[in-house]
Amino acid sequence: MLRLPVFVSIFALLYACQPESTHELPLDKRLSGGATTVFDQSTNAYSLPAANTSITRRDNFFIGNAFFRQPWVTAPASTGSRDGLGPLFNTNSCQGCHIKDGRGHPPINDEENFISALVRISIPADDSDDHQAQLKTSGVVADPVYGGQIQPRAIMGVKAEAQPQLSYTEIRGAFPDGEPYSLIKPVLELSDSAYGTFHPQLQTSVRVAQPMIGLGLLEAIKEQDLLDLADPADTNGDGISGRSNQVWDRVKQQTVMGRFGWKASQPNVAQQSMTAFAHDIGITSTLVNNNDCTATQNACLKAPHGGEPEISDEIAEMVIFYAKLLAVPARRDVDNPEVMLGESLFQKINCSGCHTTTFTTGNIPGFPELENQSIQPFTDLLLHDMGEGLADNRTDFLANGNEWRTPPLWGIGLTKVVNEHTRFLHDGRARNLQEAILWHGGEAQASRDAYMSLDVSERQALITFLDSL
Ligand SMILES: [Ca+2]
Ligand SMILES: [Ca+2]
Ligand SMILES: [Ca+2]
């Protein structure tokens, strides 16, 4: 008889204490990735395993790392475990685009090739069964000749599809205080098309490779926490709606929330990674067993392949393991007064309305490192209308031509150190962080205008804050 009340009161005590004690714990602002955070500010800052990964699991991480870096070769080859490149491909390794596990960039001068970025293509959908089926499982209708993306390279005996080139138009403006600014807007041209003229209504979207850090943590955020942030009808009237993309999950064979890619068109790291193998490098896997050869690309269809599938399940698992466990580097200078001013402005002008500061991760089977971590990714993983200026006018599952997924901002201040450039946004058009902000429109117009109206020292403080991430 005594037992029950004691039990109940202990339970009540635990229940009463828990929310309080978690709130009272001062959040260490340096720990962007919770206990996974690594303290490295060098050119290697994006390439380390989560800090709490056990020694034995690090072995798998380093095997995955090797296959992320190693170039794949044309089949058949003596190195059977990594042959099967192409026939059509963008580049021959993951690392070729995710340079030092960081972000890619558009060609920065005339000598540079179009490598660490790619061009997605599609055509408008009609009501046919074929088109509707494609929309359901790939979110777009592929070009019947050129497929879902342009591969500017190919193995011997197969013609590369076309060469993307960017030119820029300049847009000049001034802040209310008179300081001038300039932005550059890319214009894409596809030359040397080898398989005939393009569809007259071809839709294109230029995308740079995204940073690889903290992806497992993003996958571990509870879906409900993200859906709670969505406000599709903007009921709170702050001008920000935000909605989740709904995309095809190849394993579950059903539509689920999208999280990865610039338009959140992939449900998880595994599917995004295997799709990259198939379409960017030409390596088939059990999950994505077709590359981007279309029915009219005969040489592509007939070329030798490197096995069925070309990447074994074991190696695929290691690469996915690696991609999920790449750590987020710790913040720097969190106590610097200018950084703290910038942080408060980030909240005040509602950058945090989309770049959500904190989450606590949930369960993610097989990854104890990533569970129940208090993280600061600065994203809601939702789609937002960013206005005409950034639009690619190409739908991707539910994402319309104006919508983009809020990118995480953790680690962004180390871009220059790791990648030796400061090109931001989906196509790398912004030449620095301020330009990235000035491109914000649509739902982010109010935040952008508020940034414009800050005085010059406050603008600098906000940028200094971003540089501390
Ligand atoms: Ca292949
Ligand atoms: Ca193609
Ligand atoms: Ca709202």
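In the predicted model described here, Asn-60, Phe-61, Ile-63, Gly-64, Asn-65, Phe-67 and Phe-68 of helix α2 meet Ile-315, Met-318, Val-319, Phe-321, Tyr-322 and Leu-325 of helix α8. Sorted by class, the residues in this contact comprise 10 nonpolar, three polar and no charged residues. Helix α2 spans residues 55–69, and its axis comes within 7 Å of the axis of α8, the two crossing at roughly 100°. An angle from 65 to 115 degrees counts as roughly perpendicular, and α2 is therefore roughly perpendicular to α8.

Helix α8 also has a place in the interior of the protein. The largest nonpolar core holds 105 residues, of which Phe-277, Val-319, Tyr-322, Ala-323 and Leu-326 touch the most other members. Helix α8, which covers residues 313–325, supplies the largest share of this core, namely eight residues. Two of the residues named for the core, Val-319 and Tyr-322, are also among the α8 residues that meet α2. For Leu-326, when residues up to four places away in sequence are not counted, the residues touched are Tyr-46, Asp-101, Met-212, Ile-213 and Leu-215.

Asp-101, one of the residues touched by Leu-326, is located in the loop between β1 and β2, the latter strand comprising residues 117–122. Asp-101 is buried, because 26 other C-beta atoms lie within 10 Å, and 20 or more are required for a residue to be called buried. The backbone of Asp-101 has a positive phi of about 65°, although the residue is not a glycine. Most residues other than glycine have a negative phi. A second case is Gln-253, which is likewise not a glycine and has a positive phi of about 55°. Gln-253 lies in the loop between β7 (245–249) and β8 (254–258). With 8 C-beta neighbours inside 10 Å, Gln-253 counts as exposed, since the limit for an exposed residue is 12 or fewer. Thus one of these two residues, Asp-101, is buried, whereas Gln-253 is exposed.

A further contact between helices involves α9 (residues 337–348) and α13 (residues 456–467), whose axes come within 7 Å and cross at roughly 95°. This angle makes α9 roughly perpendicular to α13. From α9, the residues Glu-338, Val-339, Leu-341, Gly-342, Glu-343, Leu-345 and Phe-346 meet Glu-458, Ala-461, Leu-462, Thr-464 and Phe-465 of α13. By class, seven nonpolar, two polar and three charged residues take part in this contact. The contact of α9 with α13 therefore has three charged residues, whereas the contact of α2 with α8 has none.

Two peptide bonds that precede a proline are cis in the model. The bond from Gly-86 to Pro-87 is cis, with omega near 10°, and the bond from Glu-308 to Pro-309 is cis, with omega near -5°. Most peptide bonds are trans. Pro-87 is found in the loop between α2 and β1, while Pro-309 lies in the loop between α7 (298–302) and α8.

The loop between α2 and β1 (88–89) also contains Pro-76. Pro-76 is partly exposed, because 13 other C-beta atoms lie within 10 Å. Leaving aside neighbours within four places in sequence, Pro-76 is in contact with Asp-83, Pro-304 and Gly-306. The C-alpha atom of Pro-76 is separated by 50 Å from that of Leu-438, a residue 362 residues apart from Pro-76 along the chain. Another proline, Pro-180, lies in strand β5, which runs over residues 180–191. Pro-180 counts as exposed because it has 8 C-beta neighbours inside 10 Å. Apart from residues up to four places away in sequence, Pro-180 touches Arg-172 and Ala-174. Between the C-alpha atoms of Pro-180 and Ala-295, which are 115 residues apart along the chain, the separation is 52 Å.

Considered as a whole, the protein has 13 helices and 12 strands. Of its 469 residues, 47% are buried. Among contacts between residues at least 6 apart in sequence, 67% join residues at least 24 apart. The C-alpha atoms fill a box of roughly 75 × 70 × 45 Å along the principal axes. A compact globule of 469 residues would have a radius of gyration near 23 Å, and the protein's value of 23 Å therefore agrees with that expectation.

Methods. Residues numbered from 1 in each chain as written. Chains lettered and ligands numbered in written order. Predicted model: local features only at pLDDT ≥ 70, side-chain atom pairs only at ≥ 80, totals over all residues. Core = buried A, V, L, I, M, F, W, Y, C linked by C-beta atoms within 7 Å. Helix = DSSP H or I, 4+ residues; strand = E, 2+ residues; numbered from the N terminus. Contact = placed C-beta atoms within 7 Å. Rg over C-alpha atoms; globule rule 2.2 N^0.38 Å. Axes fitted to C-alpha atoms, helices over the stretch in contact; angles between N-to-C directions. Parallel < 35°, antiparallel > 145°, perpendicular 65-115°, else oblique. Nonpolar A, V, L, I, M, F, W, Y, C, P; charged D, E, K, R; others polar.
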